[in-house]
Amino acid sequence: PYDATFGEMPFWQVSPDSIKSDGSREGDEVYCCLHLVAQTGLAFTQFQWSQIKPGQSVHIAHVREYWHRAREHFALIVVDTPAFDRADTALTVIPEADKTAIVNLTKNSVAPENSELAARIKAAGGHCAGMILNGGTRPGAAARYPS
């Protein structure tokens with residue numbers, strides 16, 4: 001695994017800091033690592049939850065420099081966040097994304113919650129590219145929300 005911080009303050013923040021036995025601060029790279037997939041040009045990150053100690057918590061932060069550095073290495077970055085009703089993580093990441101896709105359990109592309117989600121993405125400074133419907137398929141089903 002490689003350092004997923006790209007030498008920048010990453011979008012994940014752990015607090016309070018973890019202190020090594022020599023008294024120095026543990027680096028952010030210990031919490032998330034980057035794995036390259038053979039020679040495909042693809043990579044994925046893996047958060048190391050086992051490194052979180054009792055009393056520490058993980059937060060997501062606005063760090064534009066991190067995303068700019070990541071873009072220098074990869075043409076496409078996909079960030080999977082919890083649903084809006086479970087956490088506000090997406091609202092922190094969306095303003096830094098080029099496009100956002102809604103993933104919803106419905107099979108109805110015109111369900112009211114989809115337009116509500118698209119509006120929330122836009123209000124957060126994002127650009128909704130479309131949606132993925134996980135509730136089943138309909139021939140010819142497609143929906144787009146202009147950015």
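**Exercise 1. The hairpin**

In this predicted model, work out how many residues lie between strand 3 and strand 4 in their hairpin, and what marks Ala38.

*Solution.* Start with the turn: strand 3 and strand 4 make a hairpin, with 4 residues separating them. Now look at Ala38, which sits in that turn and has a positive phi of about 45 degrees. Next, check the two arms. Strand 3 covers residues 32-37, strand 4 covers residues 42-47, and they pair in the antiparallel sense over 6 bridges. To pin down one of the pairings, pick His35: its bridge partner in strand 4 is Phe44.

**Exercise 2. The order of elements**

Find how many helices and strands the protein chain has, then write down their order from the N terminus.

*Solution.* Count first: you should get 3 helices and 7 strands. Then walk along from the N terminus, and the protein chain reads β-β-β-β-β-α-α-β-α-β. Strand 3 and strand 4, the hairpin pair from before, belong to the run of β elements that opens this order.

**Exercise 3. The whole chain**

Describe the protein chain's box, its buried share, its contacts and its exposed surface.

*Solution.* Begin with the box: along the principal axes, the C-alpha atoms fill roughly 60 × 40 × 25 Å. Move on to burial, where 29% of the 147 residues count as buried. For contacts, take those with a separation of 6 or more; residues 24 or more positions apart account for 60% of them. Finally, turn to the outside: the chain exposes about 9700 Å², with 54% of that coming from carbon and sulfur atoms.

**Exercise 4. The charges**

How far apart are the mean positions of the positive and negative charges?

*Solution.* Tally 13 positive and 16 negative charges in the protein chain, then compare their mean positions: these are 9 Å apart.

Key
Residues are numbered from 1 along each chain as its sequence is written. This is a predicted model: local features need pLDDT of at least 70, side-chain atom pairs count only at pLDDT 80 or more; totals for chains, interfaces and linings use all residues. Side-chain values use heavy atoms; hydrogens and water are left out. Two strands pair if DSSP finds at least two bridges between them. Helices (H or I, at least four residues) and strands (E, at least two) are DSSP runs, numbered from the N terminus. Buried means under 20% relative accessible area, exposed over 50%, partly exposed in between (1.4 Å probe, protein chains only). Contact means heavy atoms within 4.5 Å. Accessible areas come from the Shrake-Rupley method with a 1.4 Å probe; for residues, only the protein chains shown count as cover. Lys and Arg count as positive and Asp and Glu as negative; His and the chain ends are not counted. The place of a charge is taken as NZ of Lys, CZ of Arg, CG of Asp or CD of Glu.
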